[in-house]
Amino acid sequence: METSEIRRRFLSYFEDRGHTVVPSAPLPSPDPNLLFNVAGMAQFVPYFVGQQTPPYPRATSVQKCVRTLDIEEVGKTTRHGTFFQMNGNFSFGDYFKEQAVQYAWELVTKPQSEGGYGFDESVLYASVYYEDDEAIDIWKRVAGLPDDRIVRLGMKDNFWSMGIPGPCGPCSEILIDRGPEFGADRDWEAGDRYLEFWNLVFMQNIRGEGGGKEGYPILGELPKKNIDTGLGLERVAYLLQGVDNMYEIDEIYPVIEKASELSRRKYGADHVDDVRFRVIADHVRSALMLIGDGVTPGNERGGYVLRRLLRRAVRSMRLLGYEDPSLVELLPTSLEQMKKSYPELEADFGRISQVAYAEEEAFRRTLTAGTSVFDLAVKSVKSESGATLAGAQAFQLHDTYGFPIDLTVEMAAEQGLQVDTEGFKTLMTEQRERAKADARAKKAGHADTSGYRELRESGATEFTGYQELTTDSQV
Ligand code: ATP
Ligand code: MG
Ligand code: MG
Ligand code: MG
């Protein structure tokens, strides 16, 4: 079943059951603590926290998401993309736990000929928050699941909150056992054998102040209970398309094929190359979607993430032995797939592609020189039996050669080295302070800028990558 059809079936199933179909919110998050929307519920937060009255009691959507926290997982697990789509159904004080389980179970197990996804019930499991006896009872009664296919998990995986005082509650996930070739029996944590593809959040409590994931008090029950669910569209796609991982689905795989054609390397022949192919296909698609939603490459916040994705894709092509400009081939390939669900991308592709190609060009101009500088630095560290690349070195690579710090860290790791990122950050802060002082002096009209010319030319950059990259949350 094509991804666009899985998406269509979801929306139509819930629309038929009284849900208003709401379009995806754009990727950039309205929440200043988050770069991008990481879940379908993001645009409904004002309803869940009671700031606004929802115009409908139930809604359904397919939300575009980007999780920067998952960048390192891409291509290594079967299931993590930087960009992915989260199908969701939401109840704002309307139906609750039993109805949510019944809907999810019906859609998942209904035969494909009758509009469902037709999963084989005998390999499905449900996880519940270990104290949620009500949910256990519902999974038994409504879905007919036996005890040994209901898994009790703890706070970390199966209790949801927004990380601040407000609504919270237990979750239940639907998992599928993909068989022993994907991992050990009953190893719920690893995630690729018992693949979680739908998370149902039962928003029923209020959480208080308190630190840590498990350290907050539960203050009581919400007067109006809500439902928030997230079904990973790509995860369902790879399960229903009979492929091994999410990078091989119809919306993503053609980019792998194109990269393989260009590089004349085979996908499936070498593990290290395969991870590169998947990274390329994932990152190109994410870049397409991000630029489509107005993000442009830069050194701050979302722009930094986009820059990192594009540069990492370009560098991965080089590692596959392809040195010519590659986005001009890969981006249109991704567009061909994504325009089925997002026709607006095609109309805007002139602009989108210009932004992407210009970024590749800028990177290409300095990549060769930067790589030589990097190689020399590595050689010198190794010759002294050191294990760490100096912050100043990383700073130079960033400032003069446009290497995002994460790229330097990644390249160093490939050489078995670490990077002094604290030292790097200090230098970035100093540069920013100097640039600010310079700007103030200039404004005051008595600028002696001679010493700072170099800095201004390279642009005062605010590095926020680290804070940003650690901000993420569950559904
Ligand atoms: P995992 O444990 O596999 O990392 P999660 O628990 O972080 O997933 P949720 O926050 O519960 O995921 O999000 C709801 C659903 O969205 C998941 O059940 C999954 O189907 C999908 N999903 C989450 N993260 C990703 C991702 N990086 N790529 C693709 N799909 C994802
Ligand atoms: Mg996760
Ligand atoms: Mg999980
Ligand atoms: Mg989950």
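Trainee: Which atom of ligand 1 does a polar side-chain atom of Asp70 lie 2.7 Å from?

Mentor: This is a predicted model, and in it the polar side-chain atom of Asp70 lies 2.7 Å from a nitrogen atom of ligand 1. A backbone can take part as well: a polar backbone atom of Gly81 is 3.0 Å from a nitrogen atom of ligand 1, while a backbone N or O atom of Gly232 lies 3.1 Å from an oxygen atom of the ligand.

Trainee: Which residues come nearest to ligand 1?

Mentor: There are 17 residues around ligand 1, and those that come nearest are Asp70, Arg79, His80, Glu196 and Asn199.

Trainee: Turning to the domains, where do their bounds fall along the chain?

Mentor: The domain assignment places domain 1 at 3-240 and domain 2 at 252-377, and their centres, taken over C-alpha atoms, are separated by 30 Å. To the contact between them domain 1 contributes 23 residues and domain 2 contributes 21 residues.

Trainee: How should I read the area buried between domain 1 and domain 2?

Mentor: The size of an interface is often expressed as the accessible area that is lost when the parts come together. Here about 1,900 Å² is buried between domain 1 and domain 2, with carbon and sulfur atoms giving 58% of that area.

Trainee: How many salt bridges and how many residue pairs in polar contact are found between domain 1 and domain 2?

Mentor: Three salt bridges are found across the interface of the two domains, and eleven residue pairs, both members at pLDDT 80 or more, are in polar contact between them. On the side of domain 1 that touches domain 2, the elements giving two or more residues are helix H1 (3-16), strand E2 (58-66) and strand E3 (83-92); the largest share, three residues, comes from E3. By class, that side of domain 1 has twelve nonpolar, six polar and five charged residues.

Trainee: What can a single salt bridge, such as that of Asp132 and Lys97, tell me about the fold?

Mentor: One can ask which parts of the chain a pair joins. The structure holds 33 salt bridges, and in one of them the side chains of Asp132 and Lys97 meet at 2.9 Å, N to O. Asp132 lies in the loop between strand E4 (124-129) and helix H4 (133-143), whereas Lys97 lies in helix H3 (residues 97-109), so this pair ties together parts that are 35 residues apart in sequence.

Note on methods. Residues numbered from 1 in each chain as written. Chains lettered and ligands numbered in written order. Predicted model: local features only at pLDDT ≥ 70, side-chain atom pairs only at ≥ 80, totals over all residues. Heavy atoms only, no water. Domains from an automatic or database assignment. Contact = heavy atoms within 4.5 Å. Buried area = accessible area lost by both parts, 1.4 Å probe. Salt bridge = Lys/Arg side-chain N within 4 Å of Asp/Glu carboxyl O. Polar contact = N/O pair within 3.5 Å; in protein donor to acceptor, adjacent residues only side chain to side chain. Helix = DSSP H or I, 4+ residues; strand = E, 2+ residues; numbered from the N terminus. Nonpolar A, V, L, I, M, F, W, Y, C, P; charged D, E, K, R; others polar. Near = heavy atom within 4 Å.
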